[in-house]
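Here is a walk through one chain, contact by contact. Have the model open beside you as you read.

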Amino acid sequence: MPKLPLACALVLGCAALTANAQAVRLEKNMSLELANKMAAATVAACSADKFNVTATVVDRAGTVRAVQRADHAGPHTLAASQAKAFTAASGKNTTLAMMEGAQKNPAAANVALIPGYLLLGGGVPVKVGDEVIGAVGVGGAPGGHLDEKCALAGIAAVQDLLK
């Protein structure tokens, strides 16, 4: 009979250990080095097209990791790039796709009312595999589609580091 309570205690103890192991998560995130390289590459891509922009890179939680503002970039570009990066990281989608979805679907239009969200093109999530680890937001090119093009170029420039 003493073996039965001991076996039950052992089984319950193993179950508790398994539950605790699942309570702690390991997640990939944006390093400062990666964020700085991405911001610089993004601004350089826009500068090559003669666009004076600001690029903001955020981590998976939408917290700013790096910002670069080109000479002659307008003062509004800082807030716009940050809001686009936050929106892309939070929504795990490009801000251009989110904007188009909100325009086509009246039920999704309220997403624009979320504090900190900006549904204009130029925010792109940064992924390692299928996991979003942050986002790049760009403001200042003459159109959100051009901001997005620069963000994609900045991500492509550091693609070998996204493994």
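Let's start with a serine. Leaving out neighbours within four places in sequence, Ser81 is in contact with Thr54, Ala55, Thr56, Gly137, Val138 and Gly139. Keep in mind that this is a predicted model. Ser81 sits in helix α3, and with a relative accessibility of 0% it counts as buried.

One of those contacts, Gly139, deserves a look from its own side. Gly139 belongs to strand β4, which covers residues 131-139. What does Gly139 touch once residues up to four places away in sequence are set aside? The list is Asn52, Val53, Thr54, Thr77, Ser81, Lys84 and Asp147. Thr54 turns up among the contacts of Ser81 and also among those of Gly139. Along the chain, Gly139 and Ser81 are 58 residues apart, yet their C-alpha atoms are separated by 4.7 Å. Gly139 is buried too, at a relative accessible area of 2%.

**The overall layout**

Zooming out, the chain has 5 helices and 4 strands. Reading along the sequence, you get the pattern α-α-β-β-α-α-β-β-α. Of the 163 residues in the chain, 40% are buried. Take the contacts with a separation of 6 or more: 65% of them are between residues 24 or more positions apart. The Ser81 and Gly139 pair, at 58 residues apart, is an example of such a separation.

**The disulfide and the helices it joins**

How many disulfides does the structure hold? There is 1. It joins Cys46 to Cys150, with an S to S distance of 1.9 Å. The two cysteines come from distant parts of the chain, 104 residues apart: Cys46 is in helix α2 (residues 32-48) and Cys150 is in helix α5 (residues 144-157). As for handedness, the torsion about the S-S bond of Cys46 and Cys150 is about 110°, so this disulfide is right-handed. Are the two cysteines buried or exposed? Cys46 is buried at a relative accessible area of 0%, and Cys150 is buried at 1%.

Now for the helices that carry them. The axes of α2 and α5 come within 7 Å and cross at roughly 130°. That angle is why α2 and α5 count as oblique to each other, and the crossing is right-handed. On the α2 side, the residues that meet α5 are Met38, Ala41, Thr42, Ala45 and Cys46. On the α5 side, they are Cys150, Ala151, Ala153, Gly154, Ile155 and Ala157. Both disulfide cysteines, then, appear in the list of residues where α2 and α5 meet.

**An aromatic pair**

A search of the whole structure turns up 1 aromatic pair. Phe86 and Tyr117 form it, and the arrangement is edge-to-face, at 6.1 Å centre to centre with 75° between the planes. This pair also links distant parts of the chain, 31 residues apart: Phe86 is in helix α3 (residues 76-91), while Tyr117 is in the loop between α4 (95-104) and β3 (123-128). The two rings' residues fall into separate accessibility classes, with Phe86 partly exposed at 27% and Tyr117 buried at 14%.

**Accessibility side by side**

Here are the residues discussed so far, plus two lysines that come up next.

| Residue | Relative accessible area | Class |
|---|---|---|
| Ser81 | 0% | buried |
| Gly139 | 2% | buried |
| Cys46 | 0% | buried |
| Cys150 | 1% | buried |
| Phe86 | 27% | partly exposed |
| Tyr117 | 14% | buried |
| Lys50 | 71% | exposed |
| Lys163 | 77% | exposed |

**Some lysines to check**

A bit of background first: most residues other than glycine have a negative phi. Which way does Lys50 go? Its phi is positive, about 70°, although Lys50 is not a glycine. Lys50 lies in the loop between α2 and β1 (54-59), and at 71% relative accessibility it counts as exposed. Lys92 also has a positive phi, near 55°. You'll find Lys92 in the loop between α3 and α4.

Finally, there's Lys163, in the segment after α5. Lys163 is exposed, with a relative accessible area of 77%. Its C-alpha atom and that of Gly129 are separated by 7.6 Å, and the two residues are 34 apart along the chain.

Note on methods:
Residues numbered from 1 in each chain as written. Predicted model: local features only at pLDDT ≥ 70, side-chain atom pairs only at ≥ 80, totals over all residues. Heavy atoms only, no water. Disulfide = S-S within 2.5 Å. Buried < 20%, exposed > 50% of the residue type's maximum accessible area, 1.4 Å probe, protein only. Phe/Tyr/Trp six-rings, centres within 6.5 Å; stacked < 30°, edge-to-face > 60°. Axes fitted to C-alpha atoms, helices over the stretch in contact; angles between N-to-C directions. Parallel < 35°, antiparallel > 145°, perpendicular 65-115°, else oblique. Left-handed = near helix turned anticlockwise from the far one by under 90°. Contact = heavy atoms within 4.5 Å.
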